[in-house]
Structure formats: C-alpha cells, structure tokens
Amino acid sequence: MHTIGQGTALARAAGDLLIGLTLAAALLFTAAALAASWGGLSWVPGLIAGTIVAALALLRRRDRFGTALAGLGVAAVSVVVAWLADLPAEPAPAVSLALAVLVASAIRTLPTRRAAVVAGGGLVVVLGSWLAAVPFVPEATVIPTVSAATWLAAVAAGLGGRLLVARREAAVERVRRDERLAVARELHDVVAHHITGMVVQAQAAQIVAARGPGEAARVAESLAGIEAAGSEALTSLRRVVGLLRDADDASPAAPGPESLSALVSRFGDRGPEVRLRLPDDGPAWPTEVTAAVYRVVQESLTNITRHAPQARTVTVDVRRVPDGLTVEVSDDAPHAGARALDTGSGYGLIGMRERVVSLGGTLRAGPRPGAGWSISATLPLAAEEPR
C-alpha cells in the first residue's frame, strides 16, 4: 500500500498548493483594492491578518483544532482593531476564505464537540463583523455578508465531508463483518468435520476395546487418529480466534485447488489469457488457508475485469515459501492513476485484507514496474500441517 499512500500525499500537496495560490491571489487583490480606495496604509492590517490566517490554513493538518481556534482568534482581533481604528471592515474576503478552509477541515475531521466549538467560533466572528457594521448601510454590510456566506459554505462543506466519511466507515465495517462471518462459517465446517471424525473414532475404539486386551494395537491407532483430528481442529480455531458466527448463516463448502483452477478457467474464457501456477502440496493446505487463497484470486480477477480491460495476460502464482504460502495475481495492463485510487479505496481489497490479516498474513497491492498491477498475499502455515 506504499504506492497508494504516496499518491494520497501527492494529492494533498497539490491541494495545499492550489489553496495557497488562491489565498495569495485573494490577499494581493484585497490589498490592491484597499490601497486604491482607502489610500495610505489602510491595507496593511488586513494583509497581516490575512497572511497569518492563510498560513494557519496551510498548516491545518498538524493540529486542526488548534489552527482553527488560532485563525478565528486572529480574525476576531482584526474585527475589533478595524472597528476601533476606523479601518476597512474585517474579516476581509481573503481572511474569510482562509477561515472557511480551517472551519470546513475542522468540522469534517474533529470529534463532534470540538467541531461544534469551531463552528460556534466562526459564528461569533460573523456576528462580530455585523455588529461592527452598525449603522447598517449598504456599503457597511458588504463585508459582513461575504463573511456570513463563506462561514455557511464552510459549515455545509464540513458537514457534507463528515457525512461521506461516516458512510464510508460504515460500509467498510460492513465489509469487514461480512468477511469475518464468511471465515467463521468456514471455521465451523472445518471444526465440525474434525469433531465428527473424533467422535466416530472414539466410538470405534470403545467397541474394539470391549473385545478384549488383544486389540490394544487397534485401540492405540484409533486414539492416534483422535489426537490428529483434535490437533487439526485446534489449529484452525487458533487461526481465526475472535471471529463470530451468526447462527442462521449458511455453511458453504471451502473451495479447494480444483475450484481455484475452475475459477481461473472461467475467467480466462471471457477475459485475457490466464496462467495458473500451483505448488504440488495443494491438498495439504489447511482449509481456512485454501479459502483465503481462493478469495484473493477471485477478488483480484474481478478487479482486473473492472479496472484493467486492456490487460492481455494475467498470472496467478501460488507458491510455497519457508514460512507459509504466497499467492500473487498480476496483469500487464498499462498504468492508470485512477485505478490505483479506486483499488485502494475499494471494498473488495478491504475484505481481502481482513481475511488475510485474520489468519496472521500480509497483503500488498500496487503497480508493477513498467506496466501492470499486482496483488500479493502471504499466509502462514502451521508448523504441523494437516495429514
């Protein structure tokens, strides 16, 4: 995810650059207009206040609450100074624009109480601007009107962004929950299978033991089978401990290597050529690991269908590594910035990561050198694999 993080950082830097250029242009325009209409040094206090608030707007990510309060404080002081010294009304449009950035950013990201404090502080500055405009003549109410309009726009933008973030977090949580339930259903199937086998072998051991002491070897064999089945069940339980299961959920069978081959074959019939490489010990994988491999391949192929129609070949490579199993799905489609952002924020990738991490593994996604995209997951295998 390092590449996606770099893309986000570049997008933020570009956004801050645009904001900085806009605020600089607004400050210069306001200063020039005041110098032409009021004359003298009437433009200096507004330029100083605007520069400070603009700098705070560009530094907002370091401390959104602190920078917002500081910007509102500077704006409030500028309103009082302009009123006492009979200077042009404040906050000027440039200051109001910088305040809008601070207020919107704070409302969108801060906890509810702090966001409300910032919104209330902006309202106080707006009311102060209106009180300083007494008597309310058309010439005196232009600046307060602009200040009120920018404050309302900032509050609306902040609340809109807050709502979008809340919706996305809720959607991400639903995806994670669904993935956990799917893994838990598979866990139920695995453990139920092993326990059923343990019960059957225990019953057989009792029958054999009743025949007499000469059947000790067969009893020992049954006990060894019970031990092996119990060990496998405990291994599966440890891998997905903490996951919950809804009682009414269905119990689909976990896909095996044959199902993985069928999945790749279906994709190849309606998409680009697919090359599948599997290790020789596929049947020895724990069931939950097999299901995770299938999920990674399925979601990766779906991602290629949606976002890389130009791909000509796709490689699905499942191989053993010293500590576990690695599955990598890669294509040769040309790079596209939009695909990186969409994949990074897509819920399929979230579901894949949730499943892989729940098994103690890692997941990486990003562009390949030259061309193409790669999704790679590493899954640990138990020291003693199922027999």
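By class, which residues make up the lining of the second largest cavity? Let's work up to that, keeping in mind that what you have on screen is a predicted model.

Start with the overall picture. The protein chain has 387 residues, and 42% of them are buried. Its secondary structure comes to eleven helices and five strands. Take the contacts between residues at least 6 apart in sequence: 73% of these join residues at least 24 apart.

Now for the empty space. Rolling a probe the size of a water molecule over the atoms shows where such space is left. Searching the whole structure this way turns up two cavities of 30 Å³ or more.

The largest cavity has a volume of about 80 Å³. It is lined by 13 residues, and those closest to its centre are Ser96, Leu99, Ser147, Thr150 and Trp151. If you want to find the spot by helix, look at H4 (93-109), H5 (112-132) and H6 (142-210), since each of them supplies at least two residues of this lining. Sorted by class, the lining of the largest cavity has nine nonpolar and four polar residues, with no charged ones.

That brings us to the second largest cavity, with a volume of about 50 Å³. Helix H1 (2-37), helix H2 (43-58) and H4 each give at least two residues to its lining. You can pick the residues out one by one: Leu27, Thr30, Ala31, Leu34, Trp43, Gly46, Leu47, Gly50, Ala92, Ala94 and Val95. And here is the reply to the opening question: eight of the lining residues are nonpolar, three are polar and none is charged. Helix H4, then, is a contributor to the lining of the largest cavity and also to that of the second largest.

While you're looking at helix H1, find Thr22, which sits in that helix. Is Thr22 buried, exposed or partly exposed? It counts as partly exposed because its relative accessible area is 39%, which falls between the 20% limit for buried and the 50% limit for exposed. Along the chain, Thr22 and Leu97 are 75 residues apart, yet 9.1 Å separates their C-alpha atoms.

One last stop is the aromatic rings. How many aromatic pairs are there? The count comes to zero, taking a pair to be rings whose centres lie within 6.5 Å. There is still a ring worth a look, though: Arg114 lies over the face of Phe65, 4.6 Å from the ring centre.

How values were computed: Residues are numbered from 1 along each chain as its sequence is written. This is a predicted model: local features need pLDDT of at least 70, side-chain atom pairs count only at pLDDT 80 or more; totals for chains, interfaces and linings use all residues. Side-chain values use heavy atoms; hydrogens and water are left out. Rings of Phe, Tyr and Trp (its six-membered ring) pair if their centres lie within 6.5 Å; planes under 30 degrees apart count as stacked, over 60 as edge-to-face and the rest as tilted. A charge sits over a ring if NZ of Lys or CZ of Arg is within 6 Å of the ring centre and within 35 degrees of the ring normal. On a 1 Å grid over the protein atoms alone, a cavity is a set of points where a 1.4 Å probe fits but cannot get out, and a pocket is an open set with protein on both sides within 12 Å along at least five of seven lines; lining residues have an atom within 4 Å of a point. Grid points are joined across faces, edges and corners, and a volume is the space filled by probe spheres set on the points. Helices (H or I, at least four residues) and strands (E, at least two) are DSSP runs, numbered from the N terminus. Ala, Val, Leu, Ile, Met, Phe, Trp, Tyr, Cys and Pro count as nonpolar, Asp, Glu, Lys and Arg as charged, and the others, Gly among them, as polar. Buried means under 20% relative accessible area, exposed over 50%, partly exposed in between (1.4 Å probe, protein chains only). Contact means heavy atoms within 4.5 Å.
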